[in-house]
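Colleague: I have this model open and would like a close look at a single part of it. Could you pick one stretch, walk me through it, and tie it to the rest of the chain?

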Amino acid sequence: MLLTFDQVGDLLDELAEAFPPALFDGLNGGVHLVEDALPDPEFPQAELYIMGEYHEDLLGRYINLYYGSFAAVALKEEWSLEEWRAELRQTLSHELTHHMEGRGGLHALDDKDEAQMAAWRAEYGEQDP
């Protein structure tokens, strides 16, 4: 099932409202649903997509979730509405964890993400497209 950008935006708003407000403290740029798909630049041939990113830069602290990335995977895997909901919730939770760790000067999730990418590179990085 492919949801429209607006449907995903509504679903994301609903999911965000279910999180404790304290998790959004200091997230001065908010949470944005971006229309683009963001293929992983290191593995474009693998159809590996970046679903969300936490940013802390000159514009502040904010989260981008990439509708096009979700849509590409949803089409390939034939997601149901509940799978959309679960993937959006998991990604938002992941990015909020980056936010909270960043505020606290921690980096455990960054380390875990890098370890997962290192494992991906070890398994798939040497293969031809």
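**A close look at helix H3**

Modeller: Let's start with one residue: Thr 91 counts as buried because its relative accessibility is 9%, and the cut-off for buried is under 20%. Thr 91 is found in helix H3, so that helix is the part I'd walk you through. Keep in mind that this is a predicted model.

First, what does Thr 91 touch, leaving aside its neighbours within four places in sequence? Thr 91 is in contact with Met 51, Gly 52, Leu 65 and Phe 70. Gly 52 falls in strand S2 (52-57), and Leu 65 in strand S3 (60-66). Phe 70 belongs to helix H2 (67-77).

Now zoom out to the helix itself. H3 runs over residues 81-104. It has 24 residues and reaches 35 Å from its first C-alpha to its last, close to the 34 Å expected at 1.5 Å a residue. For scale, the C-alpha trace of the protein spans about 45 × 35 × 25 Å along its principal axes.

Which residues of H3 are buried? Besides Thr 91, the list holds Trp 84, Arg 85, Leu 88, Leu 92, Glu 95, Leu 96, His 98, His 99 and Glu 101. Notice that Arg 85, Glu 95 and Glu 101 are on it. As for what covers these residues, the cover includes helix H1 (5-18), S1, S2, S3, H2 and helix H4 (108-124).

His 99 is worth a stop. This H3 residue is buried, with a relative accessible area of 0%. Not counting residues up to four places away in sequence, His 99 touches Leu 23, Phe 24, Asp 25, Gly 26 and Leu 27, along with Tyr 54 and Arg 61. Tyr 54 sits in S2 and Arg 61 in S3.

Leu 92, another of the buried residues of H3, takes us to strand S1. Val 31 is found in S1 (residues 30-34), and it touches Leu 92 as well as Leu 12, Phe 24 and Ile 63, again not counting residues up to four places away in sequence. Phe 24 is therefore a contact of Val 31 and also of His 99. Val 31 itself is partly exposed, with a relative accessible area of 27%. Its C-alpha atom is separated by 9.2 Å from that of Leu 12, which is 19 residues away along the chain.

What about the two ends of H3? Ahead of the helix, Glu 78 has its place in the loop between H2 and H3. Glu 78 has a positive phi of about 55° although it is not a glycine. Most residues other than glycine have a negative phi. Glu 78 counts as exposed, at 64% relative accessibility. On the other side, H3 is followed by Gly 105, whose phi is positive too, near 75°.

Finally, the setting. The protein has 4 helices and 3 strands, and along the sequence they follow the pattern α-β-β-β-α-α-α. Its radius of gyration is 15 Å, which agrees with the value near 14 Å for a compact globule of 129 residues. Of those 129 residues, 32% count as buried. Among contacts between residues at least 6 apart in sequence, 65% join residues at least 24 apart; the pair Thr 91 and Met 51 is one contact from H3 to an earlier part of the chain.

Conventions. Residues numbered from 1 in each chain as written. Predicted model: local features only at pLDDT ≥ 70, side-chain atom pairs only at ≥ 80, totals over all residues. Heavy atoms only, no water. Rg over C-alpha atoms; globule rule 2.2 N^0.38 Å. Buried < 20%, exposed > 50% of the residue type's maximum accessible area, 1.4 Å probe, protein only. Contact = heavy atoms within 4.5 Å. Expected span 1.5 Å × (residues − 1).
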